[in-house]
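Here are some notes for a colleague who is opening this structure for the first time. They are set out as numbered points, to be read with the model in view.

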Amino acid sequence: MNIIVAGCGVLGAQLAQLLDSDGYNVTVIDKDIKAFKKLKPAFKGNFIEGIAFDKNTLLNAGIESADALASTTNGDNTNIVTALIAKKKFKVPIIIARIYDPISAEIYKKMGINTVSPILWSSNKMKDIICHPDLLRISTFGNGEVEILETEASIFLEGRYVKDVTIPSELNIVSIVRNGRAIIPTMNTSFLKNDKIFLVVTALGKTKMKQMMII
């Protein structure tokens, strides 16, 4: 798999090294040749000095045979222009762009470009730690709109049923670990004290968890 990483800042360098260590063919682009010093000596990929959205730079980076491109520069405009060129002109199958502005990130996501908004993700993460310290986040989707969480059944849940706490499209119990054994519960499965509960939840559903005394 041939992957281009545009931008060799902290994020770009880390991403490039992770992909390289997993055996992918990685080429990194940056306008400042000094930025490549962030790459560790073990990095086996290529690096090219140039503007990320410049046609010749992209061609030199092998975009015509690229399977994926990640645009991680510090500029939203640079990232989105690079992503659009890769998508529309070179038909790169997988594209992702870091966009600081959450509103812009959502707009471009609707245009078919995968986006990551570090501001939105970080603010959601900090809010979680402040408001829900008892929850362990297992995974997130999108920019944190949907999450898989782990919590332990409290005394208030003992004897209640999965159907009692399920909210369609907002909160669903996906697994219960009881005595070291995981099950996929039905709506009629009851909770026991000390059950480990895994649930998929939206931001609104997470707010309602306290009202239902799940946490």
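**Notes on the model**

1. A convenient place to begin is Val92, which, once its neighbours within four places in sequence are left aside, is in contact with Ile63, Ala66, Asp67, Ala68, Leu69, Ala86 and Lys87. Please keep in mind throughout that this is a predicted model.

2. Val92 also belongs to the largest nonpolar core, a set of 20 residues in which Ile4, Ile63, Leu69 and Val92 touch the most other members. Strand β1 (2-6), helix α3 (76-88) and strand β5 (94-98) each supply at least two residues of this core, and α3 gives the most to it, with 3 residues. Apart from this core lies another one, made of 15 residues, among them Leu149, Ile173, Ile197 and Leu199. As general background, nonpolar side chains tend to be buried together in soluble globular proteins.

3. Turning to the strands, there is an open sheet of 6 strands, which follow the order β3-β2-β1-β4-β5-β6 and pair in parallel. At its edges stand β3 (46-49) and β6 (114-116), each of which pairs on one side only, and from one strand to the next the twist averages 15 degrees. Within this sheet, β1 and strand β2 (residues 25-30) run parallel and are joined by 5 bridges; Asn2, for instance, has Asn25 in β2 as its bridge partner.

4. Two helices that pack on the sheet deserve a look. Helix α1 (residues 10-21) touches β1, β2, β4 and β5, and its direction makes about 165 degrees with that of β1. Helix α3 packs on the sheet as well, touching β1, β4 and β5, with a direction that makes about 170 degrees with that of β5.

5. Which residues does Ser71 touch, not counting those up to four places away in sequence? The list consists of Ala6, Thr78, Asn79, Thr82, Ile96, Ala97 and Arg98. Ser71 itself is found in strand β4 (residues 68-71), and because its relative accessibility is 1%, below the 20% limit, it counts as buried. With one of its contacts, Asn79, the relation is a polar one, since the two side chains make a polar contact at 2.9 Å.

6. Lys55 offers another view of the region around Thr82. It lies in helix α2 (residues 55-60), and at a relative accessible area of 45% Lys55 is partly exposed. The C-alpha atoms of Lys55 and Thr82 are separated by 9.5 Å, although the two residues are 27 residues apart along the chain. With neighbours within four places in sequence left aside, the contacts of Lys55 are with Lys89 and Phe90.

7. Further along the chain, the strand pairing to examine is antiparallel. Strand β7 (residues 136-141) pairs in this sense with strand β8 (residues 146-152) over 5 bridges, and Leu136 stands opposite Glu150 in β8. Strand β8 also pairs in the antiparallel sense with strand β11 (residues 196-202), here over 7 bridges, with Thr151 standing opposite Ile197 in β11.

8. How many salt bridges does a search of the whole structure find? The search finds 3. One of them joins the side chains of Asp20 and Lys44 (3.5 Å, N to O), and this pair links distant parts of the chain, with Asp20 in helix α1 and Lys44 in the loop between β2 and β3, 24 residues apart. Asp20 is buried, with a relative accessible area of 6%, whereas Lys44, at 63% relative accessibility, counts as exposed.

9. Another salt bridge is formed by the side chains of Glu170 and Lys208 (2.8 Å, N to O). Because Glu170 lies in the loop between α6 (162-165) and β9 (171-178) while Lys208 lies in helix α7 (residues 203-211), the pair ties together parts that are 38 residues apart in sequence. Glu170 is buried at a relative accessible area of 17%, and Lys208 counts as partly exposed at 25%.

10. There is also a salt bridge between the side chains of Arg178 and Asp195 (2.6 Å, N to O). Arg178 lies in strand β9 and Asp195 in the loop between β10 (181-183) and β11, so this pair ties together parts that are 17 residues apart in sequence. Arg178 is partly exposed, with a relative accessible area of 23%, while Asp195 counts as buried at 1% relative accessibility.

Technical notes: Residues are numbered from 1 along each chain as its sequence is written. This is a predicted model: local features need pLDDT of at least 70, side-chain atom pairs count only at pLDDT 80 or more; totals for chains, interfaces and linings use all residues. Side-chain values use heavy atoms; hydrogens and water are left out. Helices (H or I, at least four residues) and strands (E, at least two) are DSSP runs, numbered from the N terminus. Buried means under 20% relative accessible area, exposed over 50%, partly exposed in between (1.4 Å probe, protein chains only). A polar contact is a pair of N or O atoms within 3.5 Å; within protein, one must be able to donate a hydrogen and the other to accept it, and residues adjacent in sequence count only if both atoms are side-chain atoms. Contact means heavy atoms within 4.5 Å. A nonpolar core is a set of buried Ala, Val, Leu, Ile, Met, Phe, Trp, Tyr and Cys residues joined through side-chain atoms within 4.5 Å. Two strands pair if DSSP finds at least two bridges between them. Axes are lines fitted to C-alpha atoms, for helices over the stretch in contact, and angles run from 0 to 180 degrees between N-to-C directions. A salt bridge is a side-chain nitrogen of Lys or Arg within 4 Å of a carboxyl oxygen of Asp or Glu.
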